[in-house]
Amino acid sequence: MEVNLIFKIAAIGIIVSVLNTVLVRSGREDQAMLTTLAGVVVVLMMLIPEINELFSTVKSLFNL
């Protein structure tokens, strides 16, 4: 895993956190929840190739 991926995930977390705080304070809790959910989905989409690579490595390691 590259360090750039960790920094990207951290940046998305910070942005989502700030947006969530702004939206909650302005009384838009529903949009804040959707923003948080969208952030989680984006991070999961970034991690799917890494998880696939992990499973491929484990599969080749044990000759499955």
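**Notebook: two helices and a nonpolar patch**

I began with Thr-35 and listed its contacts, leaving aside neighbours within four places in sequence, and found Val-16, Leu-19 and Leu-23. The model I am reading is a predicted one, and I keep that in mind for every entry below.

Thr-35 itself is found in helix α2. I then looked up its side chain and noted that a polar atom there lies 2.7 Å from the backbone oxygen of Gln-31.

Next I turned to α1, which covers residues 3–25 and has 23 residues. I compared its reach with expectation: from the first C-alpha to the last I read 33 Å, close to the 33 Å expected at 1.5 Å a residue.

Which residues of α1 are buried? I noted Leu-5, Val-16 and Leu-23, and two of these names, Val-16 and Leu-23, I had already met among the contacts of Thr-35. When I asked what covers the buried residues of α1, I found that the cover includes α2.

Just after α1 I checked the backbone at Gly-27, and I recorded that this residue takes a positive phi of about 85°.

I looked for a pair that links the two stretches of sequence and chose Gly-13, which is found in helix α1, together with Gly-39. How far apart in space are Gly-13 and Gly-39, C-alpha to C-alpha? I read 7.2 Å for this pair, although the two glycines are 26 residues apart in sequence. Gly-13 counts as partly exposed, because its relative accessibility is 39%, a value that falls between the 20% limit for buried and the 50% limit for exposed.

For a second pair I took Ser-56, which is found in helix α2, and Ile-6. These two are 50 residues apart in sequence, and their C-alpha atoms are 21 Å apart in space. I also noted that Ser-56, at 42% relative accessibility, counts as partly exposed.

My last entries concern the surface. I found a nonpolar patch formed by Ile-51, Leu-54, Phe-55, Val-58, Leu-61, Phe-62 and Leu-64, which together have about 780 Å² of accessible area. From this patch I singled out Phe-62, whose place is in the segment after α2 (29–61).

Is Phe-62 buried or exposed? I computed no new value here, but took the relative accessibility of 56%, and therefore Phe-62 counts as exposed, since exposed means over 50%.

Technical notes:
Residues numbered from 1 in each chain as written. Predicted model: local features only at pLDDT ≥ 70, side-chain atom pairs only at ≥ 80, totals over all residues. Heavy atoms only, no water. Patch = residues over 30% accessible without salt bridge, like charges linked within 9 Å, V, L, I, M, F, W, Y side chains within 5 Å. Areas by Shrake-Rupley, 256 points an atom, 1.4 Å probe, with all protein chains shown as cover. Salt bridge = Lys/Arg side-chain N within 4 Å of Asp/Glu carboxyl O. Helix = DSSP H or I, 4+ residues; strand = E, 2+ residues; numbered from the N terminus. Buried < 20%, exposed > 50% of the residue type's maximum accessible area, 1.4 Å probe, protein only. Expected span 1.5 Å × (residues − 1). Contact = heavy atoms within 4.5 Å. Polar contact = N/O pair within 3.5 Å; in protein donor to acceptor, adjacent residues only side chain to side chain.
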